[in-house]
Amino acid sequence: MSTLSSHPPIVESPTAPAHWQGLWPNEAATQAFAEQLSAALQSWPGGRDARIELRGNLGAGKTTLVRHLLRAAGVQGRIKSPTYAVVEPHQAGSGDAAWPIWHFDFYRFSDPQEWEDAGFRDIFAGPGLKLMEWPDKVAGQLPAPDWVIALDAIDEDRRQVHISAGTDRGQEWLSSWATPSTEGAADAP
């Protein structure tokens, strides 16, 4: 065995981050994050068809994040929580720029089979951004998320944010998200 093959490389290519985390000190930071995420999703390959799981306890800010994201994407009119309806469809933009967005809240599901019975497989097979609150309630039914955004309420205003990728394209997006131009996004006042 040669000397070169018996030693590990001294310099390796950097690997993409497995996760990103930050702190939102207030709702304005949540809104700024949502605006940056909306712009990124519209520019990333496949971003308009992303699957994003939102995790966190009641009051963590999942629906608030979604409302800001929908506004930033151009959704007009009243944006209501899908807590009772389970899903709220939205349309961002118009004409060639139209972008379907589906906001799911599975909190009231007691059996993962309810997802299948509701016919959501067809929605997930079609185009559009899928935002999912309480995905654990339909465990085993959902396709892999591109991103999981976990929120933890530190106090009334501050939220700890953790993003992880669940797909290859989600990992690519996470790698581009973790660049210097967005690293401060969650820390912005």
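## Strand β1 and its two faces

In this predicted model, the side chains of strand β1 alternate between two faces. W20, G22 and W24 point to one face and are buried. H19, Q21 and L23 point to the other face, and these three are not buried. This matches a general pattern: in a regular strand the side chains alternate between the two faces of the sheet.

Strand β1 runs antiparallel to strand β7 (residues 159-165), and six bridges join the two. Two positions show how the strands line up. Q21 has H162 as its bridge partner in β7, and L23 stands opposite Q160 in β7.

## The chain as a whole

The protein chain has seven helices and seven strands. Read along the sequence, they follow the pattern α-β-α-β-α-β-β-α-α-β-β-β-α-α.

Of the 189 residues in the protein chain, 41% are buried. Among contacts in the chain with a separation of 6 or more, 66% are between residues 24 or more positions apart.

## The sheet

The seven strands form an open sheet with mixed pairing, in the order β1-β7-β6-β2-β5-β4-β3. β1 and β3 (87-92) stand at the edges; each has a single partner strand, so one side of each is left without a neighbour in the sheet. From one strand to the next, the twist averages 20 degrees.

At the β3 edge, β3 and β4 pair in the antiparallel sense over six bridges. One of the paired positions is E88, whose bridge partner in β4 is H103. The hairpin of β3 and β4 has six residues between the strands, and G93 in this hairpin takes a positive phi near 75 degrees.

## Helices against the sheet

Helix α3 (residues 62-73) lies across β1, β2, β3, β4 (99-105), β5 (129-133) and β6 (147-153). The helix runs at about 165 degrees to β5. Helix α6 lies across β1, β2, β6 and β7, and runs at about 135 degrees to β7.

T63 is a residue of helix α3. T63 counts as buried because its relative accessibility is 18%, and the cut-off for buried is under 20%. Leaving out residues up to four places away in sequence, T63 touches S81, H103 and E133. H103 is also the bridge partner of E88 in the pairing described above.

## Aromatic pairs and a charge over a ring

A search of the whole structure finds 15 aromatic pairs. In one of them, W20 and W177 meet edge-to-face, 6.3 Å centre to centre, with 80 degrees between the planes. This pair links distant parts of the chain: W20 is in strand β1 (residues 19-24) and W177 is in helix α6 (residues 168-177), 157 residues apart. Both W20 and W177 are buried.

W177 also pairs with W44, again edge-to-face, at 6.3 Å centre to centre and 75 degrees between the planes. Here too distant parts of the chain are linked, with W44 in the loop between α2 (27-43) and β2 (51-55) and W177 in helix α6, 133 residues apart. Both W44 and W177 are buried. One aromatic cluster is formed by W20, W24, F33, W44, W147, W173 and W177.

Another kind of ring contact involves Y107: the charged end of K137 sits over the ring of Y107, 5.4 Å from its centre.

## Nonpolar cores

In soluble globular proteins, nonpolar side chains tend to be buried together. The largest nonpolar core in this model has 34 residues. The residues with the most contacts inside this core are L37, I52, W147 and I149. Helix α2 gives the most to the core, with six residues.

W147 belongs both to this core and to the aromatic cluster. Not counting residues up to four places away in sequence, W147 touches L37, W44, R51, I52, E53, I163, S164, A165, G170, W173, L174 and W177. Apart from the largest core lies another, of 13 residues, among them F104, F106, F124 and V138.

Notes:
Residues are numbered from 1 along each chain as its sequence is written. This is a predicted model: local features need pLDDT of at least 70, side-chain atom pairs count only at pLDDT 80 or more; totals for chains, interfaces and linings use all residues. Side-chain values use heavy atoms; hydrogens and water are left out. Rings of Phe, Tyr and Trp (its six-membered ring) pair if their centres lie within 6.5 Å; planes under 30 degrees apart count as stacked, over 60 as edge-to-face and the rest as tilted. Helices (H or I, at least four residues) and strands (E, at least two) are DSSP runs, numbered from the N terminus. Buried means under 20% relative accessible area, exposed over 50%, partly exposed in between (1.4 Å probe, protein chains only). A charge sits over a ring if NZ of Lys or CZ of Arg is within 6 Å of the ring centre and within 35 degrees of the ring normal. Two strands pair if DSSP finds at least two bridges between them. Axes are lines fitted to C-alpha atoms, for helices over the stretch in contact, and angles run from 0 to 180 degrees between N-to-C directions. Contact means heavy atoms within 4.5 Å. A nonpolar core is a set of buried Ala, Val, Leu, Ile, Met, Phe, Trp, Tyr and Cys residues joined through side-chain atoms within 4.5 Å.
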